[in-house]
Amino acid sequence: MAKMKIQISKDDFEQSILVATSSHSEVFESVRPHFYEAYNNIQKRFLGYVGEEALETNERLSAAVVKAVCLTAFLGNVRHLDLVLTPTGFGVVANNEVSPASSARVEALIEQCMVACLKAEGEMITLLSATEGWGSSLQAKMSIPLLVFSIEQYAFQVKQELSSKQWKDKLSALYEADGVMRRVISDEQMDDLLEMERGAKDKDDTAVEIIFKVRRCMIFLAEGLLTAYSNERTRLLRYFDANLDKFPLYAISSAYKANHFKEFNNEKSKPAFVFNV
């Protein structure tokens, strides 16, 4: 069995899951046997070979992975723990004299940790996208299937926190929004932007601005803010036109032609004037 390329202490665990803080180590000891399984899943889903190798030299990435492993392992086993509410957080029932924490408190704890885990995954993906070689991996394609790929990107734009269920629902809407934006800027241009976002291709300030505007369009669509979407779409296409030489995939696309199609006005002054229309 391969070893984890990270070390997780009780302090690391408690910093990742603040409610698990305790003068004793019952929660940590109960969850620790499950760290490897959580790490292995994260390695397969997010890191890949390139990301795992980077753990040895990238402290920020290593810290993000430690947090994600702690939260994933905890969430996978929290319902099997006999949790009690302590003055500093949650502990594990050690005798019959202490009552278990209420189901409502446990569910609130699980939701808090689920959102924290989603944020940790988003941070991990962002750091991985800056890791040389990762952007071309299968993990990169799975981790960044859309230009809006993290709960914090979405929350930043809408200026409010999302629950784990809200994020799941928004993801479905974002996939639909992706389809809309592909019709606006073409499949080829969207795929090119995704390659940049994954780190497989370099992106300059112009591409960063385009990605930001496409991301805003997608979020406005997911929120059902159609006027805001229409205004942002107009700004996006205007920006594309001003920098068309940098986006040849869009320039030669049928989407570009459709965006610049001018409806024929049937006027007498036109050579192609049609009578009785």
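# Talking through a predicted model

In this predicted model, buried residues make up 43% of the 277 residues in the chain.

Trainee: Happy to start with the overall make-up. How many helices and strands does the chain have?

Mentor: Good place to begin, and do keep in mind that the model is predicted. Counting the secondary structure elements along the chain gives 13 helices and two strands.

Trainee: Of the contacts between residues at least 6 apart in sequence, what share joins residues at least 24 apart?

Mentor: Here we set aside contacts between residues that are not at least 6 apart in sequence. Of what remains, the share joining residues at least 24 apart is 65%.

Trainee: And what part of the accessible surface belongs to carbon and sulfur atoms?

Mentor: The accessible surface of the chain comes to about 15500 Å². The part of that surface belonging to carbon and sulfur atoms is 52%.

Trainee: Now the aromatic rings. Is the pair of F13 and F28 stacked, edge-to-face or tilted?

Mentor: The structure holds eight aromatic pairs, and F13 with F28 has ring centres 5.7 Å apart. Planes under 30 degrees apart would count as stacked and those over 60 as edge-to-face. The planes of F13 and F28 are at 55 degrees, so the pair is tilted.

Trainee: Which helices does that pair tie together?

Mentor: F13 and F28 are 15 residues apart in sequence, and both are buried. F13 belongs to residues 10-16 and F28 to residues 26-31, so the pair ties together helix α1 and helix α2.

Trainee: F13 also pairs with F35. How many residues apart in sequence are the parts which that pair ties together?

Mentor: F13 and F35 form a tilted pair, 6.0 Å centre to centre with 50 degrees between the planes. Both residues are buried. F13 lies in helix α1 and F35 in helix α3, so the parts tied together are 22 residues apart.

Trainee: Which residues do ring pairs link into a cluster?

Mentor: We have already met F13 paired with F28 and with F35. Ring pairs link these three and one further residue into a cluster: F13, F28, F35 and F74.

Trainee: Let's move to charged groups. Where does the charged end of K213 sit?

Mentor: There are lysines over rings here: the charged end of K159 sits over the ring of F156, 5.1 Å from its centre. For K213, the distance to the ring centre is 5.7 Å, and its charged end sits over the ring of Y239.

Trainee: Is R215 buried or exposed?

Mentor: R215 lies in helix α10, residues 205-223, and its contacts beyond four places in sequence include L147, V148 and F149. A polar contact of 2.8 Å joins its side chain to that of E197. Buried means under 20% relative accessible area; with 16%, R215 is buried.

Trainee: What is the relative accessible area of E52?

Mentor: E52 lies in helix α3, residues 35-54. Beyond four places in sequence, E52 touches K5, Y39, Q43 and L47. E52 is buried, and its relative accessible area is 15%.

Trainee: Last one: how many disulfides does the structure hold?

Mentor: Take C113 and C117, which are buried at 4% and 7% relative accessibility. The sulfur of C117 is 8.7 Å from the closest cysteine sulfur, that of C113, which is too far for a bond. For the structure, the number of disulfides is zero.

Note on methods: Residues numbered from 1 in each chain as written. Predicted model: local features only at pLDDT ≥ 70, side-chain atom pairs only at ≥ 80, totals over all residues. Heavy atoms only, no water. Helix = DSSP H or I, 4+ residues; strand = E, 2+ residues; numbered from the N terminus. Buried < 20%, exposed > 50% of the residue type's maximum accessible area, 1.4 Å probe, protein only. Contact = heavy atoms within 4.5 Å. Phe/Tyr/Trp six-rings, centres within 6.5 Å; stacked < 30°, edge-to-face > 60°. Lys NZ or Arg CZ within 6 Å of the ring centre and 35° of its normal. Polar contact = N/O pair within 3.5 Å; in protein donor to acceptor, adjacent residues only side chain to side chain. Areas by Shrake-Rupley, 256 points an atom, 1.4 Å probe, with all protein chains shown as cover. Disulfide = S-S within 2.5 Å.
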